[in-house]
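This report looks at salt bridges and helix packing in the structure shown here. It begins with one charged pair and then turns to the helix contacts around it.

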Amino acid sequence: MTAPDLNDPEIQEIFEGYLIETHEILDQLSPDLMSLEETPEDKDLLNSIFRGFHTVKGTSGFMGFDSIVGITHHAEDILNKLRKDELKTTQEIIDVLLEV
């Protein structure tokens, strides 16, 4: 899929909405991930973090940003393993998720 034509005013408006929503999600993910490090047993927080990454993945896919889709998909994989207790929350995992 190709990136959207930002010269199209309608596409530009959609893109600006995408940027606003994504920045809001990312702004919340950082403190949430730091909280998860302190309270790894908080499944509601873990699910909220997963939803944030899932939303970014979905809207990025809609926009045609395949590299963002790929990396957020990998973050979802990690988060799913944490949700299923197949992995334990560690500083290294939090660091990777913060990098995403």
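In this predicted model, the side chains of K57 and E76 form a salt bridge, with a nitrogen-to-oxygen distance of 2.9 Å or less, namely 2.7 Å. The two partners lie 19 residues apart in the chain, K57 belonging to helix α2 and E76 to helix α3, and the pair thus links distant parts of the chain. Both K57 and E76 are buried. For E76 the relative accessible area is 4%, and because anything under 20% counts as buried, E76 falls in that class. Apart from its neighbours within four places in sequence, E76 is in contact with F50, F53, H54 and K57.A search of the whole structure finds two salt bridges, and the other one joins the side chains of K43 and D85, with 2.9 Å from N to O. This pair also links distant parts of the chain, since K43 sits in helix α2 (residues 43-63) and D85 in the loop between α3 (66-83) and α4 (91-99), 42 residues apart. K43, with a relative accessibility of 32%, is partly exposed, whereas D85 is exposed, its relative accessible area being 58%.

How do the helices that carry these residues pack? Two packed helices are described by the angle between their axes and the distance between the axes. The table lists these values for three helix pairs.

| Helix pair | Angle between axes | Distance between axes |
|---|---|---|
| α1 and α2 | roughly 155° | within 10 Å |
| α2 and α3 | about 160° | 9 Å |
| α3 and α4 | roughly 150° | within 10 Å |

The contact of α2 with α3 is the one in which K57 and E76 take part, together with other residues: K43, L46, N47, I49, F50, F53, H54, V56, K57, S60 and G61 in α2 meet I68, V69, T72, H73, A75, E76, L79, N80, L82 and R83 in α3. Sorted by class, this contact of α2 with α3 holds ten nonpolar, seven polar and four charged residues. The axes of α2 and α3 lie 9 Å apart at an angle of about 160°, and α2 is therefore roughly antiparallel to α3. The crossing of these two helices, α2 and α3, is left-handed.

On α2 there is also a contact with helix α1 (residues 9-38), whose axis comes within 10 Å of that of α2 and crosses it at roughly 155°. Because an angle over 145 degrees counts as roughly antiparallel, α1 and α2 are placed in that class, and α1 passes α2 in a left-handed crossing. The residues of α1 in this contact include I14, F15, Y18, E21 and D32, and those of α2 include L45, L46, I49, F53, V56 and M63. The contact of α1 with α2 has 14 nonpolar, seven polar and two charged residues.

The contact of α3 with α4 is formed by A75, I78, L79 and L82 in α3, which meet I93, V96 and L97 in α4. Its residues divide into seven nonpolar, no polar and no charged. The axes of α3 and α4 come within 10 Å and cross at roughly 150°, and this crossing, too, is left-handed.

Conventions. Residues numbered from 1 in each chain as written. Predicted model: local features only at pLDDT ≥ 70, side-chain atom pairs only at ≥ 80, totals over all residues. Heavy atoms only, no water. Salt bridge = Lys/Arg side-chain N within 4 Å of Asp/Glu carboxyl O. Helix = DSSP H or I, 4+ residues; strand = E, 2+ residues; numbered from the N terminus. Buried < 20%, exposed > 50% of the residue type's maximum accessible area, 1.4 Å probe, protein only. Axes fitted to C-alpha atoms, helices over the stretch in contact; angles between N-to-C directions. Left-handed = near helix turned anticlockwise from the far one by under 90°. Contact = heavy atoms within 4.5 Å. Nonpolar A, V, L, I, M, F, W, Y, C, P; charged D, E, K, R; others polar. Parallel < 35°, antiparallel > 145°, perpendicular 65-115°, else oblique.
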